[in-house]
Structure formats: C-alpha cells, structure tokens
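Trainee: Could you give me a close look at how the contacts are laid out here, please? I would like one connected account.

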Amino acid sequence: MKHVAVIGAGTMGNGIAHTFAQSGFKVQLIDISEASLQRGMDTIAKNLDRMVAKEKITEANKAETLGNITTFTNIEAGVKNVSLVVEAATENIDLKLKIFKQLDDACPKDTILATNTSSISITQIGAATSRPDQVIGMHFMNPVPIMKLVEIIRGYNTSDDVTNTIMDLSKTLGKTPTEVNDYPGFVANRILMPMLNESIETLYNGVAGVEEIDTVMKLGMAHPMGPLQLADFIGLDVCLSILNVMYDGFKNPKYAPCPLLVNMVRAGKLGVKSGEGFYDYSESRKAEKVAKQFV
C-alpha cells in the first residue's frame, strides 16, 4: 500500500496528506477547489519549514515530502490505482454519503475506504457503498502531523482484515491506533464534547468568565489548553455538529448543545477560523484576548 488518496485539503485533509507523504507514501490530494488545494499545499510547506527550523527534518526531507503529493480537483482522476482513500471533507452526513457513493463507483474493488469523521456512523457511511466490509473510520487528531492518536472505528460490517490492515498502517505513520466501536461520538468526542458543552453552559449561566473557566481547567486539571480555547481551536461549528449527531443518536438531553453555542455559530463566531469565538483572534491566533461580548 503505497498510493493513497485524501479527500479534502482543509485543516485535517492537508495534515493527513502531509503525514502520509512524510512517511513515504504517494499521496493524491483531492479537493473541488483549486484555491483550497493551493492553501493546503502552502500550509504543508509552512509546517515542513517549521520542522526544518527545529532540525527535525532536512531540506531534502521537505522536498521529498512535497514531491510525494499530487493535487486533483476531480475525484475519479484522483483515486485511480490507490489502495486507500481517506475522506476528510466537511462534517456533513449528506456530503459524506455522496462522496462515498462516488468513491465506490470510481475506486478499484479492493480499495479500502476510510473516513476521518469525528462522530458520524461508519455503518451508515458503509451502507452507501457496495463494500461496507471495506469501510472504516480513521479519526486523526489535530494537528495531524504532531498528534499520535488515531481512533480506528470499525462499522457493523467492517472486516477483521481491513481493521488489522489499518491498525498496522497507522503504526507505520508513527501513530498510536486505538480500536473503538461505532457509536455516536466514538470515544474521543463522546467524552470531550460534553465537557466543552458544559464549559459553555458554565459561561452561559454566569458562573465564571472565559479566562476563569479556562484557568481552572488548565491549572486544576492539568489540561494543556482551556476548554473554551479548545472549542475555538476545533471550531464552534464543528463542536455543534458533533453534539447534534450525539443528541440525535442517543436522544439523551445531556448531549443537547448549549443555546449560547448555537447562537454563536448562527452569528458566524466560529473561533480561530473566523477570527472570533470565546477569544478575539484578530491580532493573534493565540487565545490572549477575550472576545468583546464576554468582557
């Protein structure tokens, strides 16, 4: 397995492409937007430059990694002769089902189809194809080149052979794969998202301010990043989407998103990516200034 396709050139997609390419795989990075592909490749180059500056890799390593990536704006052209596809498009079930139907038609019959979804059912995605036994979840953590964990999620029909292949493949990427079963939110987000949501509820109820909540969790619980800062980093729209998937899947009110989160997403206050969430990122991508509405 030396040829891999990655669908989506955004934050997760370019990180996944970077990781595979740096490990010697030939990567076909696919996005419908040429501008997104260029931004993705620019991001990969900048991240590699940081690694060169820290003497973790050489300039030759950087050139080899970039040389391993080819970009495509067409799925059919981009998935020819690949052994694995990793889908990293927007966390939207309708979009993912559409992409997997396309992949099923376009990919060789023995190609494994993986999704980087952080919450959507692998079983449901697999059912959109004629090869549900070859559909699996590979939930990478952000930033992908740095974070070691990969949640490997097997759907109801995912075969043992495919699961073992992806577990072994993840290890060749220098990652630590952890196998979990297919339930809403899997493990990472089933535990993380209620914590983030409760932090937002705590702010919404006036128990404490943004910095105070984050300080308690950083200093009291030894979290490297406060929960509100982390929500901004993930993207408040992504947090809302995952909570909605979990609420719909479990029908349990503990997963219902906080009204403040819902309103912030409606207002376009999505965190780092929009320039404002619980913190103001207009001058720095670091959480140094609380957003005006929470001061």
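Mentor: Let's start with sequence separation: of the contacts in the protein chain between residues 6 or more positions apart, 64% join residues 24 or more positions apart, where a contact means heavy atoms within 4.5 Å. Do keep in mind that this is a predicted model, in which local features need pLDDT of at least 70 and side-chain atom pairs count only at pLDDT 80 or more, while totals for chains, interfaces and linings use all residues. Residues are numbered from 1 along each chain as its sequence is written, and side-chain values use heavy atoms, with hydrogens and water left out.

Gln28 is a good place to look closely. This residue sits in strand β2, residues 26–30; strands are DSSP runs of E with at least two residues, helices are runs of H or I with at least four, and both are numbered from the N terminus. Setting aside residues up to four places away in sequence, Gln28 touches His3, Val4, Ala5 and Val6, and also Thr70, Phe72, Ala77, Gly78, Val79, Lys80 and Val82. Gln28 has a relative accessible area of 13%, so it is buried; buried means under 20%, exposed over 50% and partly exposed in between, with a 1.4 Å probe and protein chains only.

Now set Tyr247 beside that picture. Tyr247 belongs to helix α11, residues 236–250, and is partly exposed because its relative accessibility is 34%. Beyond its neighbours within four places in sequence, Tyr247 contacts Asn252, Pro253, Tyr255 and Ala256. From Tyr247 to Asn164 the C-alpha distance is 31 Å, with their positions 83 residues apart in sequence.

Helix α11 also spans position 239, and Cys239 is buried, at 2% relative accessible area. Its closest cysteine sulfur, in Cys258, is 12 Å away, so the two are too far apart for a bond. A search of the whole structure in fact finds 0 disulfides, a disulfide being a pair of cysteine sulfur atoms within 2.5 Å.

Stepping back, the protein chain has 12 helices and 8 strands. Its radius of gyration is 19 Å, close to the 19 Å of the globule rule for 295 residues, so the chain is as compact as a globular protein of that length; the radius is taken over C-alpha atoms, and the rule is 2.2 Å times the number of residues to the power 0.38. Buried residues account for 48% of the 295, and the C-alpha atoms fill a box of roughly 55 × 45 × 30 Å along the principal axes.
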